[in-house]
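Trainee: I am new to this model and should be grateful for a close look at one part of it. Please begin with a single residue and work outwards from there.

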Amino acid sequence: DDELFALIVSTLDHANRFVREIGFFTLGCASAALGESLAGKAGDVVPWLARGLSDNWSQVRFAGSVATRQFLETATAIRQQYFALLVPPMCLNRYYVAEGVRVYSQETWRRVMGSDGPSLVAQHIDAVVEFYTAQAEADNHAVREAACLCIAELAQKVDHEAVRPHVHRLLETLQVAFRDDSWPVRDAACGACARFAAAYPDVAADAYDELMSRWMMHVSDNIPSVRANAAAALGLAVEAFGERALLDLDNLIARELPRAFDQPAESHRYGALSNDTRFGVAQKRARDNDPHLHSGQVQYSCGSLAPKMRSGKAASEAARAGEGGCMACHFQRDSEPWEHSDGAIHALAELAARAPEKAAAHLPLLAKVAAIDSFAHHASLWETVWTRVPDIARALGARAFKRYLEDLLGPLLNAAEHEHALARHAALRCFDAIERLIGPNILRGRLQAHQLTRWENARHGGSGARALHDHSRALAATEIASRDVPVF
């Protein structure tokens, strides 16, 4: 019925997100009820489905995902001709930050695409790249993050020859996202650039200086996960670019690892932040009755930081206009000296996996850094040290690592007795890893009598500590994914 269809369509473009949400649920029900008889209207329905899959409101995006699944599962005979419109947003929603949308989209992809996902993406690669690059500049930071994760997936899972004509454009998009106000977007762009460098080293070589400077900058970021992922990206860069990147990584570690010695006793947590704000009482009164600020604006999901956080493109334009520093990131404080050392430890573990003999030269300095306890956040640094030392030890091998064990045992015991739970249990897990690597008898032989007593006391502490340590060991034995990794 044309009148009913026009009524449903009118709700899909409504300013009220609740109306849009109900509209997409209604469209999905109509698709399921009409089945193949909907073919005559499919050309009008599919663009609205694609729009629903990209709505700023997560609830509407979820309703659009439901409607899309119902359409694709009922219109099986005609659905392939509309994949160019639907595949790109369906792909992106598999990484969307809202869990309901993400999980539902992953299940839809499995049910509709089966094992043909990579080949379908390769078949529609032009539309996919166009959509991803546009979404990487979206106002919503969660969409920009998902776009960067999807671009990384192209380098890993899709036919390389299909993607190759678009590599330059995708790398340029990721380099812009590297300057985003939102650290999850920068983090996703960091990893995506590394995957493209590993997959297409010949193309990425043209951007070597820019990429290496960004990775090195992020190794000392104030966000712990960004530091770790940037170090992993540098490891992939060594595999992609060879000796040149290896030398740069080695120099980075030598320069950044001792920075913790310069750390003052108290961190300047808010020292780099401006005291100006547009959220004070005076500013609020001035803005409350300004109609230009409260009408005709894009609407976002509840809790979204999108209106306050600029994309990488906007940040770059602001930097060129003189608004801000080299990164033009209004939500980033300067890194503390100990955070530079923390990132260098992650980088050292990556270096050890690729060039163990070069990494071994840094272990005496690592032992000295691990002994520092003169600043407030030293336990956080200790946690990183003893989390990564097992990786370094395994990369060097038992024979080479034993040469440096004596220097590390003192700081390791200090951490194993520390009141900071994460640092303490990282140290206990490190003891377990070393014991498995070199053998319990050899490890005990390296410990002096008083050190052996301290170790036994730390290992067999109170019941709560023992339970937490046992739980930590169980986690260490099991690979735990940090977030859902979609089937493709």
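Leaving aside its neighbours within four places in sequence, which residues is R446 in contact with?

Mentor: The model is a predicted one, in which local features need pLDDT of at least 70 and side-chain atom pairs count only at pLDDT 80 or more, while totals for chains, interfaces and linings use all residues. Residues are numbered from 1 along each chain as its sequence is written, and side-chain values use heavy atoms, with hydrogens and water left out.

Once neighbours within four places in sequence are set aside, R446 is in contact with K402, L405, L409 and Q451, where contact means heavy atoms within 4.5 Å. R446 itself belongs to helix α25; helices here are DSSP runs (H or I, at least four residues; strands are E, at least two), numbered from the N terminus. With a relative accessible area of 38%, R446 is partly exposed, a class that lies between buried (under 20%) and exposed (over 50%), judged with a 1.4 Å probe on protein chains only. R446 and E406 are 40 residues apart along the chain, yet their C-alpha atoms are separated by 7.1 Å.

L405, one of the residues that R446 contacts, leads to helix α23. This helix bends by about 55° at L405, the bend being the angle between axes fitted to the seven residues ending there and the seven starting there. The end-to-end distance of α23 is also notable: a straight helix of 19 residues would span 27 Å, but α23 (residues 398-416) spans only 22 Å between its end C-alpha atoms. The expected figure is 1.5 Å times one less than the number of residues. Helix α4 (residues 58-74) offers a second example, for its 17 residues reach 24 Å from first C-alpha to last, close to the 24 Å expected.

The buried residues of α23 include F401, Y404, L405, L408, L409 and L412. Their cover includes α20, α21, α22, α24, α25 and α26. In α4, 12 of the 17 residues are buried, and the helix is thus described as mostly covered. Among these buried residues are V60, R61, V66, F71 and L72, and the buried residues pack against α2, α3, α5, α6 and α9.

The loop between α26 (449-459) and α27 (463-476) holds G461. G461 is partly exposed, with a relative accessible area of 33%. Its C-alpha atom is separated by 9.3 Å from that of E417, a residue 44 places away along the chain.

Elsewhere, D187 in helix α12 (residues 183-199) is buried, with a relative accessible area of 12%. Residues up to four places away in sequence not being counted, D187 touches S225, V226 and N229.

One helix pair may also be described. The axes of α15 (residues 224-241) and α19 (residues 337-354) come within 8 Å and cross at roughly 35°. The contact involves residues including A228, A231 and L236 of α15 and W338, H346 and A347 of α19.

These parts belong to a chain with 27 helices and 0 strands. Of its 488 residues, 51% count as buried. Among contacts between residues at least 6 apart in sequence, 73% join residues at least 24 apart. The pairing of R446 with K402, L405 and L409 is where this account began.

Definitions and conventions
Axes fitted to C-alpha atoms, helices over the stretch in contact; angles between N-to-C directions.
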